[in-house]
Amino acid sequence: MEYIIEGVIKYNSSNGTLYIDDSGMDMITLARVTNEILLLFIQHNHVPLKRDFILSELWDKRGLTSSSNGLNNYVSMLRKALAQCGYPDLITTIPKHGFIFEAEISNLATSDIPRKDENLVTDLPLQIPPVHETKVQRKPVRQSWLTRKMIGSSILAIFMMIIFLPGVYDAYKLRAMKTEFFTYKQCQFYIADDKTREIATSKIIDNIKASAAEINLNCERKANVYYFADNKVDSSGNVVLKDLISYCHYQSKTPCDNYYLTRHINKGDHEK
Amino acid sequence: MKNKMFLLMCLAAAVGLSVLYWGWSSRDGDKRFECRARVYTKLIANACDKTTTTDIFLSLHGDGKGDMLVSGTHSCSNTPLVELESTVNFTYSREGAYYSIHFEPRDPAVSKLFSVLKDDYIKIKFTNVEDNDYIVSSPIETLMMCTAD
């Protein structure tokens, strides 16, 4: 039986030859198995074929031992043969499924019987029935649409991830920058520098609460309060205790209020 | 194969666009930055138990020039209240995480309101800790927290 693939390649399934008229190319003779695979593909044009189905049709049903790697090799050889004819993309591998052959096929002879699926009536006319064509043409369109949708979704997801990743990182950095110290009414107290973290103890909480009362911090409304402490000892042994309490209104553009409390303690007082 | 190429090209385009976007969004060297703060100080057990209340508006114009508007009062327990308002112009440049700020000639009295202004040259850093709130610190100490406009 002879087929015309893509309108130009003459394929004779009985002797496994591929030829293009007036092209100057030599006739290609396919190996037996390769020829059978091509015939199977043509008979199931536009239909995704499961790897198991092909193995079963070409090997298992004949009592031969099938091999997935062997199938890959034969498909690869067929691809090369079709590429020599100028059509390298007629066979597409469907990952974790099998293959799909997509080409325009017409028959030169009408007497042979195409080997359709085992369940199909065997004496169907050689031309692929329109009903079958309609049925099989929808699948690749759907598959192609799904693939494109998946590719589009992946690209969008990656694009969004790349764009929003710095924001997520910044948010993480902001959280890491400050340490929640304690909560007093609606004021959330934070420590945001390492110097203060070193001296921050539970005793300091009492001091901060006392200072908060002294400077009349309004903790009846939500606010973030940052505490910075710095203890300096000069060369003569006098101590300068510098506390900075910054009261920032929660999610507001009202400027932060900064309260500096500086205490000078002389060496003698300190020793007491 | 075509799908793979298409996917790769789209990925390359996405990465390229993202890099451009990051580059564009991170060029803060020429960004205008303005923030406001109120500073209260209370010195206990020094010569006069001095207290000050100061409103500060700090503006970096984005072109290497900026100004600081300082307005407030200061007093000791035994002296009358002194009210001051002054605008201090400065030039600045970015050096790593810090801004090097060089103050132009100014009223010396203004440093009594905000001690940072007693030096002609300072280095400060802005650290964002909340949506609009920044810690303003020198390499040695925290100066204040301000809220960006």
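Here are some questions and answers on the disulfides, a hairpin and a nonpolar patch in this predicted model.

Q: How many disulfides does a search of the whole structure find?
A: Chain A has C187(A) bonded to C219(A), and C248(A) bonded to C256(A). In chain B, C35(B) is joined to C146(B). Over all chains, the search comes to 3 disulfides.

Q: Which parts of chain A does the disulfide of C187(A) and C219(A) tie together, and how far apart are they in sequence?
A: The two sulfurs sit 2.0 Å apart. C187(A) belongs to strand 10, while C219(A) is in the loop between helix 6 and strand 11, so the parts tied together are separated in sequence by 32 residues.

Q: Why is the disulfide of C248(A) and C256(A) right-handed?
A: Start with the bond itself: the sulfur atoms of C248(A) and C256(A) are 2.1 Å apart. The handedness is right-handed because the torsion about the S-S bond is about 110 degrees.

Q: Is C35(B) buried or exposed?
A: C35(B) lies in strand 1 of chain B and bonds to C146(B) in strand 8, so the link ties together parts 111 residues apart in sequence. Buried means under 20% relative accessible area. C35(B) has 1%, so the verdict is buried.

Q: What pattern do the disulfides of chain A follow?
A: One link in chain A joins C187(A) to C219(A), and another joins C248(A) to C256(A). Counting bonded cysteines along the chain, that reads as 1-2, 3-4.

Q: In strand 3 of chain B, which residue is the bridge partner of D55(B)?
A: Strand 2 of chain B runs antiparallel to strand 3, and 10 bridges join them. Within that pairing, the partner of D55(B) is S71(B).

Q: Which residue takes a positive phi in the hairpin of strand 2 and strand 3 of chain B?
A: Strand 2 covers residues 51-60, and strand 3 covers residues 65-75. There are 4 residues between the strands, and the one with a phi near 100 degrees is G62(B).

Q: Which element gives the largest share of the nonpolar patch?
A: The patch covers about 560 Å² and is made by M161(A), L165(A), Y21(B), W22(B) and W24(B). Two elements give two or more residues each: helix 4 of chain A and helix 1 of chain B. The largest share is 3 residues, and it comes from helix 1 of chain B.

Q: What does L165(A) count as at 45% relative accessibility?
A: L165(A) lies in helix 4 of chain A. Exposed takes over 50% and buried under 20%. With its 45%, L165(A) therefore counts as partly exposed.

Technical notes
Residues numbered from 1 in each chain as written. Chains lettered and ligands numbered in written order. Predicted model: local features only at pLDDT ≥ 70, side-chain atom pairs only at ≥ 80, totals over all residues. Heavy atoms only, no water. Pairing = 2+ DSSP bridges. Patch = residues over 30% accessible without salt bridge, like charges linked within 9 Å, V, L, I, M, F, W, Y side chains within 5 Å. Areas by Shrake-Rupley, 256 points an atom, 1.4 Å probe, with all protein chains shown as cover. Salt bridge = Lys/Arg side-chain N within 4 Å of Asp/Glu carboxyl O. Buried < 20%, exposed > 50% of the residue type's maximum accessible area, 1.4 Å probe, protein only. Disulfide = S-S within 2.5 Å.
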